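Colleague: I am new to this structure and should like to understand how its descriptions are justified. May I put some questions to you?

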Amino acid sequence: MPDIESLLEEKRVFKPPRDFARAANWKRKQVAELRRLGQKPERLWAKLAREQIAWFSPWKKVLDWKPPFAKWFVGAKTNVSYNCLDRHIQGWRRNKAAILWEGEPGDTRTITYAELHREVCRFANVLKGLGVKRGDRVAIYMPMLPELAIAMLACTRIGAPHSIVFGGFSAEALRDRIQDAGARVVVTSDGGHRRGAPFPIKQTVDQACAEAPGVEKVVVVRRTGQPVEMKPGRDLWWHEEMKQASAKCPPAKLDSEHPLFILYTSGTTGRPKGILHSTGGYLTHVTATARAVFDLRDEDIYWCTADIGWITGHSYVIYGLLSNGATTLMFEGAPTTPGPDRFWDIIERWGVTIFYTAPTAIRTFIRLGDEHPKKHDLSSLRLLGTVGEPINPEAWMWYHRVIGGGRCPIVDTWWQTETGGIMIAPLPGATDTKPGSATLPFPGVHAAILDEQGEPVSPPHGGFLAITAPWPGMLRGIWGDRKRFVETYWSKWRNTYFPGDGAHRDRRGYFWIMGRIDDVMNVSGHRIGTMEVESAIVAHADVAEAAVVGRPDEITGTAIVAFVTPRSHVAGGEALQRGIRAQVAKQIGAIAKPAEIRFTEALPKTRSGKIMRRLLRDIAAGGAPAGDTSTLEDFSVLAKLRESEED
Ligand code: PRX
């Protein structure tokens with residue numbers, strides 16, 4: 001494993017500030033006890049589930065583990081929306097802000113727990129009225145509007161698993177996800193605001209539904225007021241349906257293992273995987289980790305900048321926060337609109353105390369200059385977090401110094417769509433942090449670094465990150481594809497989960513995540529499969545063959561580079577580059593457009609015909625080709641050299 005051996009040794013250590021440690025939800029001594037208890041994960045999670053979750057009826061067994069299939073809190077009944085709403089409105093939190101919302105144009109809304117409860121009940125009744133029953137899938141494709149939170153909570157209230165599709169995905173990507181999940185209802189909006197202009201959403205849904213015959217109803221939130229076509233019999237306005245709906249809707253008493261949601265994520269093949277999460281275990285995991293890792297308090301104003309269309313938004317904008325009775329801020333727009341200080345302006349105006357964002361965003365802000373955060377009073381902040389990709393120590397230090405004013409602990413949280421919740425992260429009142437390390441597994445999470453054979457590797461050598469015991473938020477499967485679930489995650493080693501990341505541990509036992517070791521790229525903290533982009537590119541009529549690799553990028557972490565062989569008689573030039581980018585945007589979405597497209601007469605291949613990706617990665621990392629990009633590059637000589645090297 002020479003590739004992921006790390007020579008980096010970070011010496012800087014930051015102890016939890018004394019005041020922070022003294023007041024923290026989880027103090028050092030208590031954490032030590034919980035870690036001891038966590039040696040038997042079932043004991044630890046049962047304790048947290050009992051203390052932090054409201055159950056309608058208790059479990060008969062904490063864990064039923066028939067690898068790789070786990071059931072948590074077997075036989076227990078609960079409801080996610082009950083935990084996020086009803087239990088809070090029975091007490092003083094009734095009139096506490098649940099959601100603070102800011103639209104990109106600057107309009108705002110404050111929604112209390114009581115109000116959110118009423119709206120969720122109403123929309124649950126709307127869904128019921130449309131014939132949605134327990135177990136039916138509902139697709140949601142919407143910008144960051146409060147109605148998105150209302151719709152997802154309404155689904156959980158009646159036991160209809162939601163499938164939220166990030167608003168940046170194209171019509172074709174949306175169509176595939178609707179079809180794969182078999183959704184009969186789609187919830188959307190006319191449009192949204194992004195980078196200073198309204199953009200259409202409903203139109204994309206119309207295109208997707210034209211080829212998704214299973215969709216019976218589309219509910220449309222009016223956001224921008226832009227003209228939309230409403231298909232009679234299929235399309236309904238949210239506000240009209242809500243007017244007639246009752247605000248009373250008892251929560252369904254759902255089995256702990258009832259499916260909660262499906263969320264699609266990229267893998268190593270061309271087809272995204274529908275990651276399936278279930279009710280009781282997921283809720284326990286996100287509730288307990290949010291409380292401990294973010295040290296949540298009732299007075300906090302918490303802001304996670306992720307879109308709800310990704311797992312971070314599911315777990316740590318909505319479920320983990322509302323379940324704790326916290327106040328969560330949602331922002332509709334882009335970080336640099338109308339100016340490069342929008343985020344800092346939001347923090348100052350709302351008095352944000354906990355801020356959770358991605359390293360890509362931090363690197364972007366570093367480039368924009370310190371003068372923008374310095375214009376604002378950020379003294380309300382008391383804790384910072386990062387997620388989605390490895391953070392380089394220098395970005396960590398900048399975040400600590402410029403945003404945190406040197407006083408806020410930073411929690412670098414490692415986890416995945418599949419893990420449901422945070423797996424490796426500091427507990428801010430108890431764990432010393434080192435810039436660039438996610439530190440230690442959460443109590444009850446068992447992580448290790450293994451080699452190909454499943455043998456533990458010891459410092460300073462790197463290896464594969466592995467999770468060696470089941471945890472409550474773990475994925476329960478891939479929607480409709482049991483075989484792929486077993487093969488992707490559970491076939492590398494016996495009874496051990498394979499996350500697909502390289503990592504190493506230092507002598508203190510701290511984990512340093514090095515990034516993906518499979519053919520999945522992490523672009524701005526978003527997972528994009530190389531195969532997905534390749535299959536979009538080869539769908540272009542003028543393309544014969546394509547290979548996609550990632551190359552390191554200072555801002556986005558990874559940039560997508562495509563090596564393309566045009567069909568004979570077709571010239572590779574700017575027009576074709578434009579066409580290829582448009583094809584990728586159409587098939588997947590703008591987020592997957594290659595940063596660089598290089599034309600080649602032939603792709604370097606081994607004698608057995610396998611594309612030599614390692615060679616292409618090296619070439620891509622070497623920088624853009626000098627001069628005219630329209631000439632065809634010839635990698636065959638290099639490939640031959642490499643082949644003889646490898647022989
Ligand atoms: O490579 C790891 C990286 O993001 C991947 C998971 O992506 P996704 O399912 O989209 O979820 C992102 C948000 C949870 C992981 O396999 N990753 C996530 N967090 C970190 C990270 N890499 C390093 N450090 C992190 N804190």
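Colleague: How many residues surround the ligand, and which are the closest?

Modeller: This is a predicted model. In it, 17 residues surround the ligand, and the closest are Asp-412, Thr-413, Thr-417, Asp-501 and Arg-516. A residue is counted if one of its heavy atoms lies within 4 Å of the ligand.

Colleague: What makes the pair formed by Asp-412 and the ligand a polar contact?

Modeller: A polar side-chain atom of Asp-412 lies 2.7 Å from a nitrogen atom of the ligand. The cut-off for a pair of N or O atoms is 3.5 Å, so the pair qualifies. Glu-389 contributes a backbone N or O atom, 3.3 Å from a nitrogen atom of the ligand. For Asn-522, a polar side-chain atom lies 3.4 Å from an oxygen atom of the ligand. Both of these distances are also within 3.5 Å, so they are polar contacts too.

Colleague: How much of the ligand's accessible area does the protein cover?

Modeller: On its own the ligand has 540 Å² of accessible area, and the protein covers 97% of that.

Colleague: Which elements give two or more residues to the shell around the ligand?

Modeller: They are helix H11 (311-322), strand E20 (410-413) and strand E25 (511-516). By class, the shell holds 6 nonpolar, 6 polar and 5 charged residues.

Colleague: Turning to the strands, how do you know that E29 and E30 pair?

Modeller: Pairing requires at least two bridges. Strand E29 (residues 557-566) is joined to E30 by 4 bridges, so the two count as paired, and they run parallel. Within this pair, Phe-563 stands opposite Arg-598 in E30.

Colleague: Why are E28 and E30 said to stand at the edges of their sheet?

Modeller: The open sheet has 3 strands in the order E28-E29-E30, with mixed pairing. Strand E28 (543-553) and strand E30 (596-599) each have a single partner strand, so one side of each is left without a neighbour in the sheet. From one strand to the next, the twist averages 25°. Helix H19 (residues 613-621) lies across E28, E29 and E30, and runs at about 60° to E28.

Colleague: What makes E9 and E10 a pair of strands?

Modeller: The same requirement of at least two bridges applies. Strand E9 (residues 191-194) and strand E10 (residues 197-200) are joined by 4 bridges, so they count as paired, and they run antiparallel. His-193 stands opposite Pro-198 in E10. Their hairpin has 2 residues between the strands, and Arg-195 takes a positive phi near 50° there.

Key:
Residues are numbered from 1 along each chain as its sequence is written. This is a predicted model: local features need pLDDT of at least 70, side-chain atom pairs count only at pLDDT 80 or more; totals for chains, interfaces and linings use all residues. Side-chain values use heavy atoms; hydrogens and water are left out. Axes are lines fitted to C-alpha atoms, for helices over the stretch in contact, and angles run from 0 to 180 degrees between N-to-C directions. Contact means heavy atoms within 4.5 Å. A polar contact is a pair of N or O atoms within 3.5 Å; within protein, one must be able to donate a hydrogen and the other to accept it, and residues adjacent in sequence count only if both atoms are side-chain atoms. Accessible areas come from the Shrake-Rupley method with a 1.4 Å probe; for residues, only the protein chains shown count as cover. Ala, Val, Leu, Ile, Met, Phe, Trp, Tyr, Cys and Pro count as nonpolar, Asp, Glu, Lys and Arg as charged, and the others, Gly among them, as polar.
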